[in-house]
Amino acid sequence: MASAFERIREECSLGDSTLHIEPIPLQARCEDCQTVFMPERFHFVCPSCGSRDTTATQGDTVILESIELNSNATDATS
Amino acid sequence: VTKVIIVNRDVSAVAQLKAEESRNLMAQQGTLVVNLMSSPGAGKTTLLTALARQLNAIARLGVLVGDIATDRDAQRLAQLVPAVQLTTGGACHLELPLVERGWQALGMPQLDFLFIENVGNLVCPSSHDLGEHLRIVLLSTTEGDDKPAKYPKAFRTSHVLVINKIDLLPHVPFSVSAATADAQAIQPNLAVFELSALTGEGIDALCHYLLEKQHKLSANFQTAHAW
């Protein structure tokens, strides 16, 4: 993703724009005992009760959080 | 002047929505869409050939075959079932728009099963929803039993694990129980089938499972439709 952004930055004249990537650790929740755990080695069996009914709650998607625009020029829309 | 635009959206949200639409559309027609993933050479085409031989007499099948180049796999399958080759032209996985074009090239027939043979690759295909109802990951005994631990996402996102080439078990250092245990730790709901697509051993159980899934899919839609 970082190298793709570099290409786009150069090709689309995005100046000195930067891409800030914040890794979110993988986290899961047990649907039986509600324990929240970090699945080590991607093991999704609940470490506290052994249940197989668990759901990933974060860290398994890519989210575009925000875009920050800096400008010294006059705002074109105003 | 600094302006912050809060987006806070999953980058794959649009692709997921399209996949969901396609999944519903196929379900309405009673077509169970199956996405078959594996490393190159695990036996995807051989498995589809074996399944087609068994299911042809009782169900309407169609196959879309993904490859980077050549239409050899589609040619192999076309002797048995309507098959269309999807050539990615270098890409390492299939995406929904290419699948939709393949489905149109097939003539959009009324099917019970649409099998999609993904590009041989255990990494990228697992990140792309093709609008399938069932994702099968195929692992052959010649590849080594550590594949689930090394490529967790392929196993995490699948419904079914097929362990192929069990006829070679006496000759290769592959532990079915170790591979199964690792895969089910990663995806606790994974259904596991051990078979040899070449000899036909174990194919019956998988056919039975697929037929049951297809019956459920079409029964669900008929119920929903009647309401």
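# Exercises on a Two-Chain Predicted Model

Across the interface of chain A and chain B, 10 residue pairs are in polar contact, both members at pLDDT 80 or more. The model is a predicted one, and the exercises below begin with this interface.

## Exercise 1: The interface

Determine how many residues each chain brings to the contact, how much area is buried, and how many salt bridges the rule finds.

**Solution.**

1. Begin with the residues in contact: chain A provides 19 residues, and chain B provides 19 residues.
2. Next, take the area. Chain A and chain B bury about 1800 Å² between them, and 53% of this lies on carbon and sulfur atoms.
3. Then search for salt bridges, with a cut-off of 4 Å between a side-chain nitrogen of Lys or Arg and a carboxyl oxygen of Asp or Glu. The rule finds zero salt bridges across the interface of chain A and chain B.
4. Set beside this the polar contacts, for which the rule finds 10 residue pairs across the interface.

## Exercise 2: The side of chain A that touches chain B

Identify which strands of chain A each supply at least two residues to the side that touches chain B, and classify the residues of that side.

**Solution.**

1. Two strands of chain A each supply at least two residues: strand S3 (54–58) and strand S4 (63–70).
2. The most comes from S4(A), with eight residues.
3. Sorted by class, this side of chain A holds nine nonpolar, six polar and four charged residues.

## Exercise 3: Strand pairing between the chains

State which strand of chain B is joined to S4(A), and in which sense the two run.

**Solution.**

1. The partner is strand S1 (residues 2–10) of chain B, joined to S4(A) by seven bridges.
2. The two strands run antiparallel.
3. For a single position, consider A:Asn70, which stands opposite B:Thr2 in S1(B).

## Exercise 4: A sheet within chain A

Establish the strand order of the three-stranded open sheet in chain A and name its edge strands.

**Solution.**

1. The order is S2-S1-S3, with antiparallel pairing.
2. The edge strands are strand S2 (36–37) and S3 of chain A, since each pairs on one side only.
3. Strand S1 (residues 27–30) of chain A pairs with S3(A) over four bridges. In this pairing, A:Ala28 has A:Ala56 in S3(A) as its bridge partner.

## Exercise 5: The dimensions of chain B

Compare the radius of gyration of chain B with that of a compact globule of 227 residues.

**Solution.**

1. For 227 residues, a compact globule would have a radius of gyration near 17 Å.
2. Chain B has 18 Å, which agrees.
3. Its C-alpha trace spans about 70 × 45 × 40 Å along the principal axes.
4. The secondary structure of chain B comprises eight helices and eight strands.

How values were computed
Residues are numbered from 1 along each chain as its sequence is written. Chains are lettered from A and ligands numbered from 1 in the order in which they are written. Side-chain values use heavy atoms; hydrogens and water are left out. Contact means heavy atoms within 4.5 Å. Buried area is the accessible area (1.4 Å probe) that two parts lose on being put together, summed over both. A polar contact is a pair of N or O atoms within 3.5 Å; within protein, one must be able to donate a hydrogen and the other to accept it, and residues adjacent in sequence count only if both atoms are side-chain atoms. Ala, Val, Leu, Ile, Met, Phe, Trp, Tyr, Cys and Pro count as nonpolar, Asp, Glu, Lys and Arg as charged, and the others, Gly among them, as polar. Two strands pair if DSSP finds at least two bridges between them. The radius of gyration is taken over C-alpha atoms; the globule rule is 2.2 Å times the number of residues to the power 0.38.
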